[in-house]
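Q: I am a first-year student and would like a close look at a single part of this protein. Could you walk me through one helix and what surrounds it?

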Amino acid sequence: MVWLMKRLKYSTKFFKDISLHTPFVKMLALLIILWLIFSAALYFSESNVEGSSIHTYGDALYWGIAAFSTAGIADSPTSNTAQFVGGLWIVIGSMLFFGTIVATITTYFMRPMQRPHRRIIDAIEYNLEQLDDLTVEELSLLKNTVDALIMHVERMRKKQDDEQQAE
């Protein structure tokens, strides 16, 4: 049961990070709105055309997914207007869909590099490499910073221990 709770907590944090710190939710909303609009435009331009495979709005919605997913299973629209709308949708939908995936993955994995604590750790590592070049005043400042860091870690550990005991 503890494993399941940890897994649920991790999954919740992951989805929260994705929704708050990446463009995924905004781009997904934009993609859905554009899909509905382009499907409506395709439906209205194909609904009365003889030989068209799009007879309902549902058919147009399915065509919209099949077309931009590059699966190659979407029938080609028959009217010139529908071909233009469909072509525009394929380009815009594909760019949004695949661009969103790439942007989300990139943002998610680059985010730790942009976190303030990463900068703090980098500064400490740099200073440790430069110990011989530091003045007594700089070493004193570094010592005070490290002492404050140790106190902070101890407070966090105590808080974490208290939370675990409460469970």
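A: What follows is a description of one helix, its surface side and its buried side. The model is predicted, and its protein chain is divided into domain 1, residues 9-114, and domain 2, residues 121-165, with the C-alpha centres of the two domains lying 48 Å apart. The part to look at is helix α2, which covers residues 24-46 and gives the most to a nonpolar patch, with 5 residues. That surface patch, of about 450 Å², is made by F24, V25, L28, I32, L36 and Y57. One of these residues, L36, has its place in helix α2, and it counts as partly exposed because its relative accessibility is 36%, a value between the 20% limit for buried and the 50% limit for exposed.

Helix α2 also holds S39, which counts as buried because its relative accessibility is 2%, under the 20% limit. Leaving out residues up to four places away in sequence, S39 touches Y57, A60, L61 and G64, and Y57 is also one of the residues that make the nonpolar patch.

The interior can be followed further through the largest nonpolar core, which has 13 residues, and in which L31, L34, F38, L42, I54, W63 and W89 are those with the most contacts. To this core α2, α3 (57-68) and α4 (80-114) each supply at least two residues. For one of the core residues, I54, the contacts beyond its neighbours within four places in sequence are with L42, Y43, E46, S47, D59, A60 and W63. As a general background, nonpolar side chains tend to be buried together in soluble globular proteins.

Notes. Residues are numbered from 1 along each chain as its sequence is written. This is a predicted model: local features need pLDDT of at least 70, side-chain atom pairs count only at pLDDT 80 or more; totals for chains, interfaces and linings use all residues. Side-chain values use heavy atoms; hydrogens and water are left out. Patches are made of residues with over 30% relative accessible area and no salt bridge: like charges are joined within 9 Å, nonpolar side chains (Val, Leu, Ile, Met, Phe, Trp, Tyr) within 5 Å. Accessible areas come from the Shrake-Rupley method with a 1.4 Å probe; for residues, only the protein chains shown count as cover. A salt bridge is a side-chain nitrogen of Lys or Arg within 4 Å of a carboxyl oxygen of Asp or Glu. Helices (H or I, at least four residues) and strands (E, at least two) are DSSP runs, numbered from the N terminus. Buried means under 20% relative accessible area, exposed over 50%, partly exposed in between (1.4 Å probe, protein chains only). Domain bounds come from an automatic or database domain assignment. A nonpolar core is a set of buried Ala, Val, Leu, Ile, Met, Phe, Trp, Tyr and Cys residues joined through side-chain atoms within 4.5 Å. Contact means heavy atoms within 4.5 Å.
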